[in-house]
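Biologist: I'd love a guided tour of this one. Could we take the features one at a time?
Modeller: Happily; have a look first, and then ask away.

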Amino acid sequence: MQNFNKKDYQEYAMRKVPKPTYLKNAILAFLVGGGFCTIAQFIYNFLSSRGFNDEISSMGTSIFMIFLGSLLTGLGVYDKIGKVGGAGAAVPITGFANSIVAPAMEFKREGFIFGVAAKMFIIAGPVLVYGIGSSVIVGILTILFKG
Amino acid sequence: MPLKKIGNQTIKLLNPPSIISHYSIVGPKEGDGPLKDYFDLILEDDLWGEESFEKAERKIQEQAVRAAVDGAQLSLQDIDFLLAGDLLNQIVASGYAARELAIPFFGLYGACSTMTESLSLGAMLVEGGFADRVVCATSSHFSSAERQFRFPLEYGAQRSFSAQWTVTGAGATVLSSYGSGPYITYITPGRIIDPGITDAANMGASMAPAAIDTLVNHFQDTGFQPSDYDLIISGDLGIVGKSIVIDLMKEKGYDISKNYTDCGVEIFNPNTQDTHAGGSGCGCSAVVFNGYILKEMKKGRFKRVLFMATGALHSTTINQQGESIPSIAHAVTIDINNEQVM
């Protein structure tokens, strides 16, 4: 077994793994992601109908959706939605809330400083770093070339 | 010249130690699986009254050892050595269980191969005359493994089809220089084999070549054929790894398709339990061995079993640094009869 060709073996082993169900995943992601967006649209329309302007309504919608994602995580439901919905559950803002609340809950036993606070961003951290980082770069480029 | 080593890497125990007692504890999910009737204790709650999953795992391992020793009508003072390990960093489940048990303790890390690593070393201690009675134990816990190796429990991630489900459970085996069997007669410790796979969600494919290497060496060293065994069972290769082992063993001239299976394949029902490629973890082979295999041996269904736990010796840190997964498999022959006496 020592001198076998690793590359051949890896290709052979890949064929042993069942293929991901891409079409089913895509349909479920569309339905779950679309479901979250539809809920958000209802909230937005409700806030608009109460006379709030676009900015306030958008902000209120985001706040509600973050609350919903956090609540469903706390109730132990969001991991099940995520399993079915895949990217449809991960991409909306509810998924972002899940990625922060889940580690916060998980690491509570290690205390509020080294547990909750330190571990809260282990999943969302990269999104924040590169999200905020790229927005700063785009901002600088805008000032340089538009101004 | 070693007196008891035969061939490349196999040990023949001239005065085979006997398994005088064994015990298995599993979590609720394992207790719902196809082997549920074989386990000694099925927990209703995988925290088992503890504050954290790590503490629960420690308790599960400690209780498995206590119950196994009780089952042999011995007290903890009668045990010379405890050999145990687990998956947690610094094998804390074992170390903290040993703190309560107060038996001289060897901590082992063989990842999921720990059950046969501890049986191998324990058998050698007893056979070599260094101990009369030893306990070999190991444990794993789904929730403590998830948070160490993967994601927080409530995080909504999808698992790949090659991913396996860490078994919550612990098994303990008491070996003695006296007893009426089953006996440990041969030991084939494995070499590290690394096929270069970096995907930690495909352990079966990573570990299969190590299992094949140990099997081939075992057959060459002992002169046995697969048909000399009623059962050849690996630890946690899962559905993917099992299929690879059967295929590649055939290429090497050994047909094991009839009497070979894997603990990870047997412990869960993949259709109803959503476990993808099967069970994994130290506890997987430990509870299947101390539950299913030994109980079926005593019933007379299996007379000679080759039990081979498999381990992936990586960590998340070195895996993130781009290293592949080095794997190992240790095999022990369990005989209902002591052939030296016969």
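Biologist: In what order do the elements of chain A run from the N terminus on?
Modeller: One thing to keep in mind is that this is a predicted model. From the N terminus, chain A reads α-α-α-α-α-α-α-α. That comes to eight helices and zero strands.

Biologist: How spread out is chain A beside a compact globule?
Modeller: The radius of gyration of chain A is 21 Å, whereas the globule rule gives 15 Å for 147 residues, so chain A is more spread out than a compact globule. Along the principal axes, its C-alpha atoms fill a box of roughly 70 × 45 × 40 Å.

Biologist: What percentage of the residues in chain A is buried?
Modeller: Buried residues account for 22% of the 147 in chain A. As for contacts in chain A between residues at least 6 apart in sequence, 57% of them link residues at least 24 apart.

Biologist: Now the interface. How many residues does each chain give to the contact between chain A and chain B?
Modeller: The general idea is that interface size is often quoted as the accessible area lost when the parts come together. Here we can count residues: chain A supplies 28 and chain B supplies 24. On the chain B side, the elements giving two or more residues are α5 (203-222) and α6 (238-251). The largest share there, four residues, is from α5(B). By type, that side of chain B has 13 nonpolar, seven polar and four charged residues.

Biologist: At what angle do α5(B) and α6(B) pack?
Modeller: In general, a pair of packed helices is described by the angle between the axes and the distance between them. For α5(B) and α6(B), the angle is about 40° and the axes are 8 Å apart. Their crossing is right-handed. In α5(B), the residues that meet α6(B) include B:Ala208 and B:Leu215, while those on the α6(B) side include B:Gly241 and B:Leu248. This contact is made of eleven nonpolar and three polar residues, with no charged ones.

Biologist: And the strands: in which sense, parallel or antiparallel, does β11(B) pair with β14(B)?
Modeller: They are parallel: β11 (residues 231-234) of chain B pairs with β14 (residues 304-312) of chain B over four bridges. β11(B) also pairs in the parallel sense with β12 (residues 260-262) of chain B, over three bridges.

Biologist: Which residues stand opposite B:Ser234?
Modeller: In β14(B), B:Met308 stands opposite B:Ser234; in β12(B), the residue opposite B:Ser234 is B:Asp262.

Note on methods
Residues are numbered from 1 along each chain as its sequence is written. Chains are lettered from A and ligands numbered from 1 in the order in which they are written. This is a predicted model: local features need pLDDT of at least 70, side-chain atom pairs count only at pLDDT 80 or more; totals for chains, interfaces and linings use all residues. The radius of gyration is taken over C-alpha atoms; the globule rule is 2.2 Å times the number of residues to the power 0.38. A residue is buried if 20 or more other C-beta atoms lie within 10 Å of its own, exposed if 12 or fewer, and partly exposed in between; C-beta atoms are placed from the backbone. Two residues are in contact if their C-beta atoms, placed from the backbone, lie within 7 Å. Ala, Val, Leu, Ile, Met, Phe, Trp, Tyr, Cys and Pro count as nonpolar, Asp, Glu, Lys and Arg as charged, and the others, Gly among them, as polar. Axes are lines fitted to C-alpha atoms, for helices over the stretch in contact, and angles run from 0 to 180 degrees between N-to-C directions. A crossing is left-handed if the near helix is turned anticlockwise from the far one by less than a right angle, and right-handed if clockwise. Two strands pair if DSSP finds at least two bridges between them.
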